[in-house]
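Okay, thanks for squeezing me in. Let me put the thing up on the screen and then we can walk through it together.

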Amino acid sequence: MSIASALGLTKKVRYAVVGAGDITQSAMMPGIAHTGNSELTAIVTGDPEKAKALADHYGVKHTYAYEQFDQLLASGEIDAVYLGTPNWRHAEFAIPALKAGIHVLSEKPLEISVEQAETIRAAADASTAKLMVAYRLHFEPGTLDAIDRIRKGELGDLIAFTSCFTQKVDPANHRAQNGVEAGPLFDMAPYPINAIRYLFGAEPLAVEAAVGTRQAGNGLGDFDDTVAVTLRMPGDKLAQFTVSYFANAVDSLIIAGTKGSIHMSPAFGFGEGIAQHRRVGEDKSEQTFKTTDQFGGELRYFSDCILNDRDPEPDAEEGVADLRVIEGIVRALKSGQREDLPPFQRMRRIDPGSQVQTLGAVSPPKNVNASSPTGK
């Protein structure tokens, strides 16, 4: 008997969304129906008026307050949850869901510390349910094409990576007033960090330098609004990136090797196609990949893993790997010195041939105004 039959499903996984902020409303909720193998059956939020409005819009019968999460888990109404809460509330919901045998798709970062992420990982290992971290670019065609080209040797030996990923954040946004764990280091840096790791196919060895600045009059909370980082990779390769909540929008990366390079812009956002500007030797080429529903795509992949009993690739270990680097950056910002990272080996990498998702783009609801390229 298949898992779908055992669950009483017609090949659809029943989801509750937990947290109804920008990322959930503008991207994930519109994408669920787009997957063909998933459906929205419950909404969890701390705002009753928002819950009613969203339930009416999507035809959802069941809404819950955060304090009623245990009731939801015991209700029999869902098979999985999507966590779009603030970063520091992921463990709060992921762990009891996994203990209840409910599958979990958690936004990134997995939590705000390696310790918390490892706690979630242990809960996943002990559960019959699956956990995936929502690294949507692991399924995006332009990203996977770049990984494939690098693995085939088109760029030669990789030497350097650089990225600039910035946005203007409204001081009224919750991310602007909740400290470093909601700031650009935890919200935006996982994108270039993850890209460094999947393009090099290796784990950073040390944070060579990290510098944070705070612009006068930024209106933001008590954290650096702009952070620049240099990482040392195996083989004395270098990777650098800058993230900011105060600079005008930039979304790009360059990966350079001994034979060629790829410049991607946009590189991390959603809502438009990823673009590559390639140079191999003296030959130049450009390609803009078709815009896809990145959120619907990652959800379709996760639901397919659930229905066919396959382990998803961006698992808890992938979430731990990025937080290992973020914690090193936090230490380097405090010490002003190089910070070596604990030894780490990723046991599984992206498979460009099997993970690509090509769902067409969907339009966000007209009443939603997404304020961030990351969607949070």
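So, start with strand E1, residues 13-18, and strand E4, residues 80-83: they run parallel and four bridges join them. If you want one spot to click on, Tyr 15 stands opposite Ala 80 in E4. Before I go further, keep in mind that this is a predicted model.

Those two strands belong to an open sheet of six, in the order E3-E2-E1-E4-E5-E6, with parallel pairing. At the edges you have strand E3 (62-64) and strand E6 (131-133), each of which pairs on one side only. Going from one strand to the next, the twist averages 25°. And helix H10, residues 294-307, packs on this sheet, where it touches E1, strand E2 (38-44), E4, strand E5 (103-106) and E6. The direction of H10 makes about 130° with that of E1.

Now the other sheet. This one is also open, but it has nine strands and mixed pairing, and the order reads E14-E13-E12-E11-E7-E10-E9-E8-E15. Here the edge strands are strand E14 (283-288) and E15, each pairing on one side only. Helix H9, residues 190-200, packs on that sheet and touches E7, E9, E10 and strand E11 (250-257), with its direction at about 160° to that of E7. Then there's H11, which lies across E8, E9, E10 and E15 and runs at about 60° to E8.

Let me zoom in on E9. Is strand E9 mostly buried or exposed? Six of the eight residues in this strand, 226-233, are buried, so E9 is largely enclosed by the rest of the structure. On one pairing, strand E8 (residues 206-213) goes antiparallel with E9 over seven bridges, and Val 211 has Ala 228 in E9 as its bridge partner. On another, E9 is joined to strand E10 (residues 237-244) by eight bridges, again antiparallel. Ala 228 turns up here too, with Thr 242 in E10 as its bridge partner, and Met 233 is partnered by Lys 237 in E10. The E9 and E10 hairpin has three residues between the strands, and Gly 235 there takes a positive phi near 80°.

Okay, packing. The largest nonpolar core has 81 residues, and the members touching the most others are Val 81, Phe 161, Leu 199, Phe 200, Phe 241, Ile 255 and Ile 329. There's also a second, separate core of 27 residues, which includes Ala 27, Met 28, Tyr 82 and Phe 295.

Let me pick on Phe 241. Setting aside neighbours within four places in sequence, its contacts include Ala 189, Pro 192, Ile 193, Ile 196, Val 229 and Ile 329. Ser 163 is in that contact list as well, so what is a serine doing there, and how buried is Ser 163? Ser 163 is found in strand E7, residues 158-166, and it's buried, with a relative accessible area of 6%. As for a polar partner, the backbone oxygen of Ser 252 lies 2.8 Å from a polar atom of the Ser 163 side chain. Beyond its near neighbours in sequence, Ser 163 is in contact with residues including Gln 240, Thr 242, Leu 253 and Phe 268.

Last topic, charges. The count comes to 30 salt bridges. I'll show you three. Asp 145 pairs with Arg 278, the closest N and O atoms being 4.0 Å apart. That one links distant parts of the chain, from helix H7 (residues 141-151) to strand E13 (residues 275-280), 133 residues apart. Arg 278 counts as buried because its relative accessibility is 10%, under the 20% cut-off.

Compare Arg 279 with Glu 282, where the closest N and O atoms are 2.8 Å apart. Arg 279 counts as partly exposed at 34%, and Glu 282 is exposed at 65%.

And then Arg 346 with Glu 317, at 2.4 Å between the closest N and O atoms. Arg 346 is in the loop between strand E15 (339-340) and helix H12 (352-355), while Glu 317 is in helix H11 (residues 316-335), so the pair ties together parts 29 residues apart in sequence. Buried or exposed? Arg 346 counts as buried at 6%, and so does Glu 317 at 8%. Both sit in one network of salt bridges with shared partners, among them Glu 118, Arg 121, Arg 197, Asp 322 and Arg 349.

That's my tour, happy to rotate things around if anyone wants another look.

Definitions and conventions:
Residues are numbered from 1 along each chain as its sequence is written. This is a predicted model: local features need pLDDT of at least 70, side-chain atom pairs count only at pLDDT 80 or more; totals for chains, interfaces and linings use all residues. Side-chain values use heavy atoms; hydrogens and water are left out. A nonpolar core is a set of buried Ala, Val, Leu, Ile, Met, Phe, Trp, Tyr and Cys residues joined through side-chain atoms within 4.5 Å. Buried means under 20% relative accessible area, exposed over 50%, partly exposed in between (1.4 Å probe, protein chains only). Contact means heavy atoms within 4.5 Å. A salt bridge is a side-chain nitrogen of Lys or Arg within 4 Å of a carboxyl oxygen of Asp or Glu. A polar contact is a pair of N or O atoms within 3.5 Å; within protein, one must be able to donate a hydrogen and the other to accept it, and residues adjacent in sequence count only if both atoms are side-chain atoms. Two strands pair if DSSP finds at least two bridges between them. Axes are lines fitted to C-alpha atoms, for helices over the stretch in contact, and angles run from 0 to 180 degrees between N-to-C directions.
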